[in-house]
Structures are given as C-alpha cells and as structure tokens.
Amino acid sequence: MKLHVLGSGTPQPNKDRWGSGFIVELKDELLMFDCGPASTYKMIQMDLDPRKVNSLFFTHHHSDHDLDYPTFLLTRWETSIGEESELEIFGPPPTVKFTEKLINIDYGAFAHDLIARTNHPLSLNSFKRRGGKLPRKLPSFKPNDIFPGDTIKREGWTVKSDLAEHVEPFLDSLAYRLEVEGKSIVFTGDTRPCKTVEKLAYKADYLICLCIALQDQIDGTPEADYMMGHIDAGMLAKNSEVKNLILVHEALNISSEDNFKKAINDIGKIFNGNVIQSHEMTTYNLI
C-alpha cells in the first residue's frame, strides 16, 4: 500500500506546494482523497492513471481541496474507452449539487463539451482510434452527499467518516479513516483539534494531518481557532495514540528547513511516534 501526495499546501501556490490531494494505491485500484489544484496533472507526472480511480472522497469544498475536480472528471472520461468502473464520489454537501453543476447534460458547465465529444466525427474517431466502440456514452459518475458517521464499504476496504470542525456553518467538513488489509490511515482534512477526529484516529497506523504553521505563528489568530499548528498536530497524534504522523497543508514558512526542525523537535516532546514531513509528487510506502 502506498500514499501518493499530490498536493500538500494551501490556496496560495508556491514552487513547492499548492492545495490538497492524495492517492492511496491498493493492489488493483486507486482511492483519491481531495482533488486540489493541478491534481490531475500531478497524477500524470507520477504515472498514476486517473481511470484507475474508482472512488473519490472530499473532506470539504474549499477550492484548494476541489479546484481540479472538473479536470479530473473530464480527463478520466476523455481518456477512457468506456470500460472503466463507474466513478463514485463521496463528500459533505454540496458534493452532489457541485457535480451536477459541472456535468449535467442539460445545465452543467461542461455540457457543451460532452455534447460535442459524443456527437462530432472528429471526437468519435479519436474515441474509436483508442479502442472505443460507438455509440459513445456520456460519462457515468455517482456523486453522494455523506455525513458524519457514514461508512463506505467496498471489496477490500472500508472508509469511515466523522465530523471535522473547520468553517461551519458555511461549509461542512469531514475526516476519513481508511481501513484496508489490517492497516488504517486517517485524513483529517482541514479541522481544528476536536474530539470527533481524535476518536476517529484512535490507534491508526498513519495520521495525515494538516499543520498550517508553527504554533506561535498563528496564536491569537483565526488560524489557531479553526485549523492546527504543529503543537496541535502533535497533541492530536499523542491523544489518538497513532503510530505515524504525516504533516500536510503547510504554509507560513513551516516547510523551511529551520522551522521544520523546530516543529519536529517540539512534536517529539509530545508525541513519541514517527513524524514525517510530506512533499508534493512524492510516494510513501505504508508498511
């Protein structure tokens, strides 16, 4: 089992980090968690095939977590020959409404493209040339609004969800726990420290946790009230008794060498497990 980090940053891009997006590679499929800016391009750069993603989970619908969603949907469909599994999409509201606004054939933002590519000889010829058989079907996606406590179970894996506290009531947020082959991986998404995420992460093998900054960089600001600094992340890992803490969603210079050394040192005084700084377009073997 592998974790591919597509995005490990924030809405503000820099040369090293931008947005959130993760792929967990299982034996026969890819599970995607969030689809932030340029996720599809980064997948291609990492030799990950969008057509092998059958399940996509959104933690919430801030743009740094879903901005590449239309690109991913249309690329997965446009490169296919119509034989891949139906894509299931899960997330808090407005996951269903958002998806319909993109690809509904009557009013979706990309309806014009879908109509052209399923009717014009140029597009149909390209479809046939790569192995497709006419008539070309419209994309089949299955979006689902899910809520804290919902569990998604498929052959070989289970995903449990619970409440993450971030920017309610404007957007709902979820954290996820993936369980597969006796291993567990928790994605906090964006959240402040809260009991629901702590309970969801209890005894997990890996905690993929946001760490927006060094704690003293955000103390006294809304970031400290609705997200997590490095001390918060360390305390969550300690209280949840996880084995490995992987820090993501970094900003405010925490990713600089000196600041991250400080973060590791401080967290080590709280949490006695393994701490990993994530890097974009990097693969981590989960053992």
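The following dialogue examines how several descriptions of this predicted model are justified.

Colleague: What makes the overall dimensions of the protein chain agree with those of a compact globule?

Modeller: A compact globule of 287 residues would have a radius of gyration near 19 Å, and the protein chain has 19 Å; the two therefore agree. Along the principal axes, the C-alpha atoms fill a box of roughly 65 × 35 × 35 Å. Buried residues make up 53% of the 287 residues. Of the contacts with a separation of 6 or more, 62% are between residues 24 or more positions apart.

Colleague: How many helices and strands does the protein chain have?

Modeller: The protein chain has eleven helices and 14 strands. One open sheet has seven strands in the order 6-5-4-3-2-1-14, and another has seven in the order 7-8-9-10-11-12-13. The pairing is mixed in the former and mixed in the latter.

Colleague: Why are strand 6 and strand 14 called edge strands?

Modeller: Strand 6 and strand 14 (282-285) each pair on one side only. Pairing requires at least two bridges between two strands, so an edge strand is one that meets this criterion on one side only. Neighbouring strands of this sheet are turned by 20° against each other on average, direction ignored.

Colleague: How do you know that strand 4 pairs with strand 3 and with strand 5?

Modeller: Four bridges join strand 3 (residues 30-35) to strand 4, and three bridges join strand 4 to strand 5. The requirement is at least two bridges, therefore both count as pairs. Strands 3 and 4 run parallel, as do strands 4 and 5. Within strand 4, Leu 56 is the bridge partner of Met 32, while Phe 57 stands opposite Phe 90 in strand 5. Helix 3 (residues 69-78) packs on the sheet, where it touches strand 3, strand 4, strand 5 and strand 6, and its direction makes about 165° with that of strand 4. Helix 4 also packs there, touching strand 5 and strand 6, at about 150° to the direction of strand 6.

Colleague: What makes strand 4 mostly covered?

Modeller: Five of the five residues of strand 4 are buried. Buried means under 20% relative accessible area, so each of these five residues falls below that limit.

Colleague: Which strands form the edges of the other sheet, and how does strand 11 pair with strand 12?

Modeller: In the sheet ordered 7-8-9-10-11-12-13, the edges are strand 7 (151-154) and strand 13 (274-277), each of which pairs on one side only. Its neighbouring strands are turned by 15° against each other on average, direction ignored. Strand 11 (residues 206-210) and strand 12 pair in the parallel sense over five bridges, and Ile 208 has Ile 246 of strand 12 as its bridge partner. Helix 10 (residues 230-240) packs on this sheet, touching strand 11 and strand 12, with its direction at about 155° to that of strand 11. Helix 11 lies across strand 12 and strand 13, running at about 160° to strand 13.

Colleague: Which residues have the most contacts inside the largest nonpolar core?

Modeller: That core has 31 residues, and those with the most contacts inside it are Leu 207, Cys 209, Val 242, Leu 245, Leu 247 and Phe 271. Helix 7 (195-200), strand 11, helix 10, strand 12 and helix 11 each supply at least two of its residues. Beyond its neighbours within four places in sequence, Leu 245 is in contact with residues including Leu 207, Cys 209, Ala 237, Ile 267 and Phe 271. A second, separate core of 25 residues includes Ile 146, Ile 152, Phe 187 and Val 248.

Colleague: Why is Asp 47 called exposed and His 249 buried?

Modeller: Asp 47 has 73% relative accessibility, and exposed means over 50%, so Asp 47 qualifies. His 249 has a relative accessible area of 3%, which lies under the 20% limit, and it is therefore buried. Both have a positive phi without being a glycine: about 60° for Asp 47 and about 55° for His 249. Asp 47 is in the loop between helix 1 (39-45) and strand 4 (53-57); His 249 is in the loop between strand 12 (244-248) and helix 11 (257-268).

Colleague: How do you know that the bonds preceding Pro 94 and Pro 135 are cis?

Modeller: Omega is near 15° for the cis bond from Pro 93 to Pro 94, and about 0° for the cis bond joining Leu 134 and Pro 135. Most peptide bonds are trans. Pro 94 is found in the loop between strand 5 (87-91) and helix 4 (95-103), and Pro 135 in the loop between helix 6 (121-129) and strand 6 (141-145).

Definitions and conventions: Residues numbered from 1 in each chain as written. Predicted model: local features only at pLDDT ≥ 70, side-chain atom pairs only at ≥ 80, totals over all residues. Heavy atoms only, no water. Buried < 20%, exposed > 50% of the residue type's maximum accessible area, 1.4 Å probe, protein only. Axes fitted to C-alpha atoms, helices over the stretch in contact; angles between N-to-C directions. Contact = heavy atoms within 4.5 Å. Core = buried A, V, L, I, M, F, W, Y, C linked by side-chain atoms within 4.5 Å. Rg over C-alpha atoms; globule rule 2.2 N^0.38 Å.
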